[in-house]
Amino acid sequence: MKPTRLLLDTNILIDYLAQRQPFFDDAAKLRVAADFGDVELWLCAQSIADVEYILRKAIPLERLRAMLKGVTGFCSVAAVNGEDMVAGLDSGWPDLEDFCIARAAERIQADWIITRDAEGFRRSPVPATNAASFFEALKADCGIEYEDVSDLLRA
């Protein structure tokens, strides 16, 4: 079985790194699913900068950068470029970040965007869902189920 290719929205990366509850549990399951080869995880390059900006007041910068670098060990990074930014500005999307995530997902031929804001991706050519719904579908379609693993991954 080919792994499902997932592009993670910035909010999922924040949930994982900041261990925000109740969202951390599903973010941790995504990592475990990647470790088992059931999914391929991707990030938009812009998300890395956005996460640093958002979390730098909550997590010391040196530690935060080490954490972000660690994430690139189990997530591939999809680039956005200047043409994408201009297209986003001209697109009429209300959120440039969401446009960039959708553009990156399209570029890597992702199966899903995993987000807590699926409504923000209504115009995306790649469907968006939350992690819990993705895991329900994985169980129904493939018989694969992940138990609560968050305690194993807490820093």
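**Close-up 1. Where helix H2 meets helix H7.** Four residues of H2, namely Asp26, Lys29, Leu30 and Ala33, touch Ala131, Ala132, Phe134 and Phe135 of H7. Sorted by class, this contact comes out as six nonpolar residues, two charged ones and no polar ones. Keep in mind for this and every other view that the model is predicted. H2 covers residues 24-35 and H7 covers residues 131-142, and their axes come within 9 Å of each other. The two axes cross at roughly 45 degrees, so H2 and H7 count as oblique to each other, an angle of 35 degrees or more being too wide for roughly parallel. As for handedness, H2 goes past H7 in a left-handed crossing.

**Close-up 2. The two sides of helix H4.** H4 spans residues 61-71, and Leu64, Met67, Leu68 and Val71 are its buried residues. Look down the H4 axis and those buried residues fall within an arc of 100 degrees, so they line one face of the helix. That spacing fits a simple rule: an α-helix has 3.6 residues a turn, so residues three or four places apart point the same way. What do the buried residues of H4 pack against? Their partners are two helices, H1 (10-18) and H3 (45-55), plus two strands, E2 (39-44) and E3 (75-78). Flip to the face turned away from the buried side, and there you'll find Glu62 and Lys69, both exposed.

**Close-up 3. Helix H5 packed on helix H6.** Here H5 (residues 82-91) and H6 (residues 96-107) sit with their axes 9 Å apart, at an angle of about 125 degrees. H5 and H6 are therefore oblique to each other, and their crossing is right-handed. On the H5 side, the contact is made by Asp84, Met85, Ala87, Gly88, Leu89 and Ser91. H6 answers with Leu96, Phe99, Cys100, Arg103 and Arg107. The class tally for the H5 and H6 contact is six nonpolar, two polar and three charged residues.

**Close-up 4. Asp98 and its surroundings.** Stay with helix H6 for this one, since that's where Asp98 is found. Is Asp98 buried or exposed? Asp98 has a relative accessible area of 4%, and because the cut-off for buried is under 20%, Asp98 counts as buried. Leaving out residues up to four places away in sequence, Asp98 touches Asp9, Trp93, Asp117, Gly120 and Phe121. One of these partners, Gly120, lies 22 residues from Asp98 along the chain, yet their C-alpha atoms are separated by 6.6 Å.

Notes. Residues numbered from 1 in each chain as written. Predicted model: local features only at pLDDT ≥ 70, side-chain atom pairs only at ≥ 80, totals over all residues. Heavy atoms only, no water. Axes fitted to C-alpha atoms, helices over the stretch in contact; angles between N-to-C directions. Parallel < 35°, antiparallel > 145°, perpendicular 65-115°, else oblique. Left-handed = near helix turned anticlockwise from the far one by under 90°. Contact = heavy atoms within 4.5 Å. Nonpolar A, V, L, I, M, F, W, Y, C, P; charged D, E, K, R; others polar. Buried < 20%, exposed > 50% of the residue type's maximum accessible area, 1.4 Å probe, protein only. Arc of directions from axis to C-beta.
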